Amino acid sequence: MDCTPDLSHQEQLSVVLRVVNGESSKGVSISEHFVGFLNVLDTTGKGLCESFLGHLETLGLDIANCRGQSYDNGSNMQGNKQGVQTRVLDMNNKALSVPCGSHTLNLVIGDAAKSSLTSISFFGLLQRLYTLFSSSVNRWAILTEHVKNLTVKVLSTTRWECRVDSVKAVRYQLPELVNALSALIEYATEKRDADVVSTAASICKEMQTWPFILCTIVWYNVLFQINKVSKMLQSPQVSIETLRRETRGVTEFLEEYREKGLTSAQTDAREIAEKLKVEMTWPEVRQRRAARQFEYEGKEQTESTAEEHFKRDFFLVLVDTAVVTIKERFSQMESFHELYGFLYTIDEMRSSEQKGKLDECCQRLELKMHDIDAEDLVLEVKGATNDTLDIFTEVLCQ
């Protein structure tokens with residue numbers, strides 16, 4: 001389920017049901033069915049759940065037959081106390097919930113982008129850059145004259161991973177953008193447009209600083225990695241095992257990037273700085289000193305350089321926020337893996353059998369779902385692994 005307002009400013013709740021049909025003659029088939037738009041006035045978890053249950057009753061469907069839920073990460077949908085998924089679980093504890101992977105990664109980036117003043121200012125400058133050139137046909141012509149391959153993009157307010165396109169233009173064409181801004185300043189000066197001259201000069205000056213160049217490299221590397229995984233997760237062939245593997249891969253990348261990323265980013269930023277003839281220096285940082293209440297108190301001796309300040313208040317905060325948020329937002333996925341993980345692949349089945357855990361996994365699934373016979377499932381898993389092994393052996397013999 002997902003909500004969005006239409007052109008008449010009415011909140012529309014779209015409902016899609018995924019059906020798994022198993023027949024002995026045809027095997028297992030999976031299909032998705034769009035079952036309608038619902039006008040909702042109450043967008044709280046309670047209101048949405050009541051609208052959904054009412055629609056199921058109209059369709060003649062029983063919520064007790066539901067075996068899974070998937071929504072975005074809004075608090076009204078995924079809330080642990082009042083969300084739709086919690087209310088459905090109270091009625092049917094077999095309907096486990098898995099959040100949308102791409103939307104979750106989107107929120108991870110959103111949290112990281114708000115983690116520091118440097119990040120907020122960085123994306124604010126990119127938005128000012130786009131607004132400056134897109135506000136006039138003549139200004140846009142100046143931009144396209146100097147920037148040939150990539151162009152500045154409007155910053156999406158909802159799809160954070162798409163901001164990689166905005167950062168990419170700056171990452172690979174910063175010298176060209178600086179030339180475009182310089183040309184715009186000359187054009188606006190001739191037109192005596194004080195606002196454009198002031199704005200363009202301000203942006204141009206900020207973009208030719210060592211911290212901005214380094215910030216661009218760091219954000220592009222993070223956005224590129226997460227955007228790549230997000231696009232992969234939107235494929236209809238992606239399984240929960242793939243989701244788990246890819247999100248763990250993102251976490252491992254960020255943890256490694258935390259240790260070595262800033263050094264590698266400085267290497268890449270140095271190339272851009274040399275092209276722009278920008279001094280690789282840090283601005284002076286005003287040191288904060290705590291006021292002494294008594295004369296016998298010692299003076300505070302700890303002082304941070306601008307580079308240490310940048311690493312502590314921007315880089316580490318960005319990466320740590322992303323890592324923590326990924327682990328928190330994908331925590332529900334582990335409950336699915338605990339129940340179904342041994343069935344994801346033939347290798348997982350064979351591994352659970354070799355480790356002597358197959359009976360335990362099947363019994364745990366039976367206790368949770370109540371409509372599965374653990375002994376029958378053990379026999380089916382063993383049969384599947386043996387059949388695969390026989391086929392593999394036959395292929396090798398040929």
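The largest cavity in this predicted model has a volume of about 30 Å³. The structure holds one cavity of 30 Å³ or more. Turn the view to its walls and you will find Leu126, Leu129, Val152, Lys153, Ser166 and Val170 lining the space. Four of these lining residues are nonpolar, one is polar and one is charged. Which helices each supply at least two residues of that lining? They are helix 5, spanning 117-134, and helix 7, spanning 163-191.

Let us move on to the pockets, where helix 5 turns up again. The second largest pocket has a volume of about 470 Å³, and at least two of its lining residues come from each of helix 5, helix 9 (210-233) and helix 11 (306-329). In total, 19 residues line this pocket, and those nearest its centre are Thr118, Ser121, Glu206, Pro211 and Phe310. If you are thinking about the chemistry of the lining, the classes are 12 nonpolar, five polar and two charged residues.

Before you build on any of this, it helps to look at the confidence. The protein chain has a mean pLDDT of 83, with 90% of its residues at 70 or more. Where along the chain is confidence highest, and where is it lowest? Helix 8, residues 194-207, takes the top place with a mean of 93, while helix 15, residues 374-397, has the lowest mean, 68. Over residues 391-398, pLDDT stays under 50. For that stretch the model has zero contacts beyond four places in sequence.

Terms used. Residues numbered from 1 in each chain as written. Predicted model: local features only at pLDDT ≥ 70, side-chain atom pairs only at ≥ 80, totals over all residues. Heavy atoms only, no water. 1 Å grid on protein atoms, 1.4 Å probe; cavity = no way out; pocket = protein on both sides within 12 Å on 5 of 7 lines; lining within 4 Å. Points joined across faces, edges and corners; volume = space filled by probe spheres on them. Helix = DSSP H or I, 4+ residues; strand = E, 2+ residues; numbered from the N terminus. Nonpolar A, V, L, I, M, F, W, Y, C, P; charged D, E, K, R; others polar. pLDDT = per-residue confidence, 0-100. Contact = heavy atoms within 4.5 Å.
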